[in-house]
Amino acid sequence: MGGALLVFVPGYWLVITRRQAPLYEQSYDIPRHKQLDKKLVVGAVMFGIGWGLAGICPGPAVASVGFGSYEIGVFIAAMLAGSLLASRTFSSSDNQTPILINES
């Protein structure tokens with residue numbers, strides 16, 4: 001991780017922080033929603049539990065599909081099933097009550 005930071009930090013400072021706007025957009029899209037709702041917290045907890053139980057990050061798991069490992073295939077199938085279940089269980093228009101409000 002330290003090696004990645006040695007590459008990223010100077011590039012971030014030299015390129016990204018000096019820009020007034022992104023290359024292909026009018027402005028940066030900074031989230032203005034500062035409330036955590038139940039759906040976000042439950043999803044984050046489930047994600048963390050799944051990651052901990054499987055012992056592999058979803059990104060490298062997808063990159064590892066080419067190795068043909070049975071365990072990776074099971075993990076990817078479970079990840080896709082969970083994603084499908086979540087998309088069918090929650091709609092984007094679900095109105096959730098905020099559980100934490102950041103007033104800053």
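**Fold, core and largest pocket of the predicted model**

Read from the start of the sequence to its end, the chain follows the pattern α-β-α-α-α-β, and its secondary structure comes to 4 helices and 2 strands. The model is a predicted one, and the values reported here are computed from it. Of the contacts in the chain with a separation of 6 or more, 50% are accounted for by residues 24 or more positions apart. Buried residues make up 8% of the 104 residues in the chain, while the exposed surface of the chain comes to about 8900 Å², of which carbon and sulfur atoms supply 66%.

In soluble globular proteins, nonpolar side chains tend to be buried together. In the present model, the largest nonpolar core has 5 residues, namely Ile-56, Ala-61, Ile-72, Phe-75 and Ile-76. Helix H4 gives the most to this core, with 3 residues. When residues up to four places away in sequence are not counted, Ile-56 touches Ala-61, Ile-72 and Phe-75, and also Trp-51.

Trp-51 is found in helix H2. With a relative accessible area of 38%, Trp-51 lies between the limits of 20% for buried and 50% for exposed residues, and is therefore classed as partly exposed. Once its neighbours within four places in sequence are left aside, Trp-51 is in contact with Ile-56, Cys-57 and Pro-58. A further pair involving this residue is Trp-51 and Met-79, which are 28 residues apart in sequence and 9.9 Å apart in space, C-alpha to C-alpha.

Rolling a probe the size of a water molecule over the atoms shows where empty space is left. In the largest pocket of the model, this space amounts to about 630 Å³. The pocket is lined by 18 residues, among which Met-46, Phe-47, Met-79, Gly-82 and Ser-83 lie nearest its centre. Helix H2, spanning 38-54, and helix H4, spanning 70-89, each supply at least two residues of the lining. Sorted by class, the lining of this largest pocket has 12 nonpolar, 5 polar and 1 charged residues. Helix H4 thus appears in both descriptions, giving 3 residues to the largest nonpolar core and at least two to the lining of the largest pocket.

Notes. Residues are numbered from 1 along each chain as its sequence is written. This is a predicted model: local features need pLDDT of at least 70, side-chain atom pairs count only at pLDDT 80 or more; totals for chains, interfaces and linings use all residues. Side-chain values use heavy atoms; hydrogens and water are left out. On a 1 Å grid over the protein atoms alone, a cavity is a set of points where a 1.4 Å probe fits but cannot get out, and a pocket is an open set with protein on both sides within 12 Å along at least five of seven lines; lining residues have an atom within 4 Å of a point. Grid points are joined across faces, edges and corners, and a volume is the space filled by probe spheres set on the points. Ala, Val, Leu, Ile, Met, Phe, Trp, Tyr, Cys and Pro count as nonpolar, Asp, Glu, Lys and Arg as charged, and the others, Gly among them, as polar. A nonpolar core is a set of buried Ala, Val, Leu, Ile, Met, Phe, Trp, Tyr and Cys residues joined through side-chain atoms within 4.5 Å. Buried means under 20% relative accessible area, exposed over 50%, partly exposed in between (1.4 Å probe, protein chains only). Contact means heavy atoms within 4.5 Å. Accessible areas come from the Shrake-Rupley method with a 1.4 Å probe; for residues, only the protein chains shown count as cover.
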